[in-house]
Amino acid sequence: MNSLTKHLIVISFDCLSSLDFSQLEQLPNFQKLLQKASYCKNVETIYPSVTYPCHATIVTGNFPKRHRIINNTFLQPGRLSPDWYWHRKHIQGTTLYDEAKKAGMTTAALLWPVTARANIDYNLPEIFPNRPWHHQVAVSLWNGSPLYLLDLERRFGHIRKGLSQPELDDFVLASTVHTIKTKKPNLMLIHFVDLDSQRHYHGFNSKQAQDAIRRHDERLGHIIQALKDSQIYEESTIIILGDHSALDESKVIKPNVILQQQGLINLNHHGKVTDWKAYCKSCDGSAYIYLKDGDDTETKTAVTELIQTFSQNSLNGIEKIYTAEEAGIRGADQQAFFMLEAHRGYYFSEQLQGDYIDEITDEDVKQKKYTVACHGYSPEKTDYKTVFIAVGKGIQPNKVIPTMHLTDEGPTFARLLGLSLGQTDGKAIEEILSL
C-alpha cells in the first residue's frame, strides 16, 4: 500500500469540542488552516469518554472493550491515587506507532497517553510520579527515551512547573518544535492538556477555557512554522483532533457510600478498605460496578437489588443503568457487572463515606477535591461531540464530513502512511484522501 504523506503530525487538543468550532474559525492559525482543510465537527467519541481509552482508540481504531484500555485508572479499591494505564503493554493488539516502526519510519510521541515503554524512537510518555519515593524526571527517563528526554529537560525543563497548566503544554510545545526541526519524524503524536485542565476546574465556557483555546491557536502556529523552517511542510499532513467534549456539573454521586453501608465494602477504623465484594469504579460521567467474585450469587443479588433501587429514584443522579452486555454493545468493559450513566450536572466519585450525593462548593474546587466540568459520559449525550481537522499532503481540500467516529481516525492515519491496522472497529475516511 502506497503512503500518501511523508510526515504525519497528529495534534490532540484534549477536550476540544464541536461547540468550540465557531471560535476556532475566528482564530488566525486555525482559520488559515481551515481554508484548505477537510474536517468533521460531528465526531462521536467512545464510551467511557475519558482520555486514556480515547487516545488508545485513536491509535488502534478499536473500542475500549477490544484494546482493553477501559478507563484512565486501574481498579484499585480504596487507593486515593490509583495507578493509570500508562504503559503500552496494556493495549491489546497493534497500534499506529507499532506499525510505523515496523515499516522503518521514524516515530515520536509527546505526552501521548498509554505510551510508556513503547517502541517509539523519541518518546516523552505521559506518566507522573504516583508514589512518595518517585520523581518526575526519573519516572519519565525510565519509561521513555532517556537521551532524548535528558536533552529536552536540559533545554526546556525550566518552562515546566510540575503538572500545572499552561506551563506543561508550553514545555510540550517547545519539545515538539525542537523535535520537528532536529528529528523530522514520519509519525508524530502530540497531546496538549491545557484546555481539559481549565474546563475541569473553571467550567466549560469559562474565561480560562477560552484563553486555553487561544493559547492552542498560538501553539498550532508555532508547530506550522517549525514544519516550514524544517522545509518539510509541503510533505506533511497535519491532523487536529479532540478526544471528547465535557459537561458542567454541580453534584457528585458516591455509590460506594451505599455499597459500604450495605456491607459490600469493609473499612478499618482509619476508613481504609480492608476487603470488598462490590465496588463502583468512576469514569467521571459514567461508572462501572465491579464484583470481586463474579460467581458470588449472594453479592450479585444484593447489588442487583441496590441498582434497581437506584433506577426507581429520579433524584439519585443516575440517568441510565446498563448490564454488562449492554455496556459491551457500546464498546465499554463487558467484564463489569453494571455500568451507570450520570444525569447532566452530575458525575461519579469513588469516595466511601459521607453523603450519597455532595453539592460541589467553591472550596471543594479550590482544594481540587471535585471539579466543575468533566467527561466520561455516554456519546449519546446531546452537544457532546468532538472535532477532526485534516490538511496537507494526501488530504483533499474543503471536504466536509457530516459525521464520523473516533474509531475511524486510526485507520485513516494508517492509510495516509501506507500502513494497516488490520481488522478494526472503525474505517478509513476515504473521501478526504487524495488516493
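This is a short talk on the aromatic pairs, the sheet and two covered elements of the structure above.

Hi everyone, and thanks for having me. One reminder before we start: this is a predicted model.

Let's begin with the rings. The structure holds 15 aromatic pairs. Take Phe74 and Tyr85: their ring centres sit 4.2 Å apart with the planes at 55°, and because tilted pairs are those that are neither under 30 degrees nor over 60, this one counts as tilted. Both residues belong to the loop between α4 (64-67) and α5 (96-102), and 11 residues separate them. Is Tyr85 buried or exposed? With 10% relative accessibility, Tyr85 counts as buried.

Right beside Tyr85 in the numbering we have another pair to look at. Trp86 and Phe128 have ring centres 5.2 Å apart and planes at 85°, so here the geometry is edge-to-face. Which parts of the chain does this pair bring together? Trp86 comes from the loop between α4 and α5, while Phe128 comes from the loop between β4 (122-124) and α6 (136-143), so the pair ties together parts 42 residues apart in sequence. Trp86 is buried as well, at 6% relative accessibility. And there is a wider group here: Tyr52, Trp84, Trp86 and Phe128 make up one aromatic cluster.

For those of you who like charges over rings, I have two examples. Lys228 lies over the face of Tyr233, 5.0 Å from the ring centre. Lys368 does likewise over the face of Tyr201, at 4.9 Å from the ring centre.

Tyr52 from that cluster takes us to helix α3. How many of the 10 residues of α3, residues 51-60, are buried? The count is 10 of 10, so the helix is mostly covered. Tyr52 is on that list, and among the others are Cys54, His55, Ile58 and Val59. What covers the buried residues of α3? The covering elements include β1 (7-13), α4, α5, β5, β6 (236-241) and α15 (409-416). After α3 comes Gly61, with a positive phi near 80°.

Some of those covering strands belong to the sheet, so please turn the view that way. In this open sheet, 8 strands run in the order β4-β3-β5-β1-β6-β17-β2-β18, with mixed pairing. At the edges are β4 and β18 (404-405), each pairing on one side only. Within the sheet, β3 (residues 107-110) and β5 (residues 187-192) pair in the parallel sense over 4 bridges. If you want a residue to click on, Ala108 has Met188 in β5 as its bridge partner. Helix α8, residues 167-183, packs on this sheet and touches β3, β4 and β5, with its direction at about 170° to that of β5.

My last stop is strand β13, residues 338-342. It is mostly covered, with 5 of its 5 residues buried. Which residues lie on each face of β13? Phe338, Leu340 and Ala342 are on one side, Met339 and Glu341 are on the other, and all are buried. Two strands pair with β13 in what follows. Strand β11 (residues 286-291) runs antiparallel to β13 and is joined to it by 4 bridges, with Ala287 standing opposite Leu340. Strand β12 (residues 318-323) is also antiparallel to β13, this time through 5 bridges, and Tyr322 has Met339 as its bridge partner.

That's my tour. Thanks for listening, and I'm happy to take questions.

Conventions: Residues numbered from 1 in each chain as written. Predicted model: local features only at pLDDT ≥ 70, side-chain atom pairs only at ≥ 80, totals over all residues. Heavy atoms only, no water. Phe/Tyr/Trp six-rings, centres within 6.5 Å; stacked < 30°, edge-to-face > 60°. Buried < 20%, exposed > 50% of the residue type's maximum accessible area, 1.4 Å probe, protein only. Lys NZ or Arg CZ within 6 Å of the ring centre and 35° of its normal. Pairing = 2+ DSSP bridges. Contact = heavy atoms within 4.5 Å. Axes fitted to C-alpha atoms, helices over the stretch in contact; angles between N-to-C directions.
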